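Trainee: I am new to this structure, and I would like to go through it with you step by step. May I put some questions while we both look at it?

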Amino acid sequence: MGRLRRWLVGLVALACAVGLLAAVGPQPSGTGPWQERFITDAQGRALILYGLNTSSSAKSSADGMPWIKQGDVAAEYNLLGTDFVRYLIQWRQVEPRPGHYDDAYLAQVAQRVAWYRQQGYHVLLDMHQDVYGPAVGGNGAPPWATDSDGLPAKPQNPWELTYIQPGVIHAFDEFWGTAPDHPEYRQQYAAAWTHVAKYFAGDDTVIGYDLMNEPWGGSVQGAAFESGPLASMYQDTIDAIRTVDQKHWLFVEPAAVSTNWGMPSALPKLADPRAGEARIGYAPHLYPEPIDSGGSYTGGNVFLTDRTLASWAAQVQRTATRLDAPVLLGEWGLDATQPGSHLYVDHVQTLLDQMMIGESYWSSDPGSWSPWQAPGKPSDIAPVLGTAYPRAIAGEPVSFGYDKGTLQLTVDWTDKAGVTGSTDLYLPPSDFPNGGDVSLNGEYTSTWNPRTHILSITVPPKAGLVHTLTVTPSTS
Ligand code: MNI
């Protein structure tokens, strides 16, 4: 145990050191400013996805369903004004026996997707795993696709250390093909995804697929893993999905042990065989230490955390540029009952607005990390998470941000050919009880929906103009 703890502490120290270097080091030559891309909807509008992960409870429930009932989706909207959910699914549920797909499970998933549709959400289906699968103490992969070679896989504390149990490492090696016995596993994974994609190909509430949660390389780590077996699994899975679904966004994640802590990713550019523009997105996670281990955003932890945030932003922009992909922060979060948690949430929200990317907070499961203390009972962090943001921007975003001091939401954008519809803003009732006053450098029409708290702005196109919008709370 002592050795394992030292290993983890050493890894975190390394992460911090690399983070510091990356944050203060020179920009590598040849990488100019971030050529940012955006996730777009059917009208071509840039989507800023703001939401929660639902849910950790789905990892271990017998039917693979999350804790939520239909009413909890409406409650989530009323509490936070979110437009998005990263929804956990599991390979073991999709394919309980080799080649046998459980469409009754997918029908239950589709029913929940319909609940979100009624609230105007976009849904990202996340093929979740932690520690490979239940046969080695984790969740995700079916037991029939788990070959631990009989090696030990004992649950560890903290749970992340279970990843270095020999049986877990072997199970991953067999999956990645770096152990020799099961080259079929990766093909079966791609085939399972293809089945899911075929099932949801016509569903417009589904925005895309997150191909694997927090990948881990087993005995092959770092760049050798990300540019080797991880990239080849992604490419095979992308190619397979595109035979049945040309429309949805396909999100890839880096190795969790690099990017979660602000270190570089070596993920290479992946090809999208769909007709038209590529729809491949980059969905890294953000878990600075010691926040990830339940530490608070106070004292010396603030310095370490802030350096990790700066490093994370720089590394994510580099990787996204290399992938030519829009970015979505798939997971971040903290024990929100700790002192300083509201400052961390504010800080991350400000950073994400500067980067112009969306996020899904971990997680909706009622408890100390959640905006719910218990179902229907909000926690103190809820009003901090439920912030003003542009849900959709009808053009090419230039910048946006919300100043919680002056209660000013600003959004700048330019026209983009082929984009139709309105720019939609969520104005939380806590700050905008009577809606918003609009200031814009040109003509516009606006509609305010007092039930959804969404302000929609439509502007006539004007070549060369940066539309500059500011919204402040109405006084009546
Ligand atoms: O912090 C992690 C994490 C740490 C270490 C490792 N490895 C050693 C491979 C992997 C992951 N993950 C953070 C969150 N991600 C899951 C869900 O995806 C949440 O339960 C964790 O809080």
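Trainee: Is Trp 91 buried or exposed, and what is its relative accessible area?

Mentor: Keep in mind that this is a predicted model. A residue counts as buried under 20% relative accessible area, and Trp 91 meets that cut-off, so it is buried, with a relative accessible area of 2%.

Trainee: How many aromatic pairs are there, and how are the rings of Trp 91 and Tyr 189 arranged?

Mentor: By the rule for ring pairs, the count comes to 23 aromatic pairs. For Trp 91 and Tyr 189 the ring centres are 5.1 Å apart and the planes stand at 80°. Because planes over 60 degrees apart count as edge-to-face, the pair of Trp 91 and Tyr 189 is edge-to-face.

Trainee: Which helices hold Trp 91 and Tyr 189, and how many residues apart in sequence are the parts that the pair ties together?

Mentor: Tyr 189 is also buried, with a relative accessible area of 3%. Trp 91 belongs to helix α3 (residues 91-94), whereas Tyr 189 belongs to helix α6 (residues 184-200), so the parts tied together by this pair are 98 residues apart in sequence.

Trainee: What kind of aromatic pair do Tyr 163 and Trp 216 form?

Mentor: Tyr 163 is buried, with a relative accessible area of 8%, and Trp 216 counts as buried at 7%. Their rings lie 5.4 Å centre to centre with 55° between the planes, and the pair is tilted.

Definitions and conventions
Residues are numbered from 1 along each chain as its sequence is written. This is a predicted model: local features need pLDDT of at least 70, side-chain atom pairs count only at pLDDT 80 or more; totals for chains, interfaces and linings use all residues. Side-chain values use heavy atoms; hydrogens and water are left out. Rings of Phe, Tyr and Trp (its six-membered ring) pair if their centres lie within 6.5 Å; planes under 30 degrees apart count as stacked, over 60 as edge-to-face and the rest as tilted. Helices (H or I, at least four residues) and strands (E, at least two) are DSSP runs, numbered from the N terminus. Buried means under 20% relative accessible area, exposed over 50%, partly exposed in between (1.4 Å probe, protein chains only).
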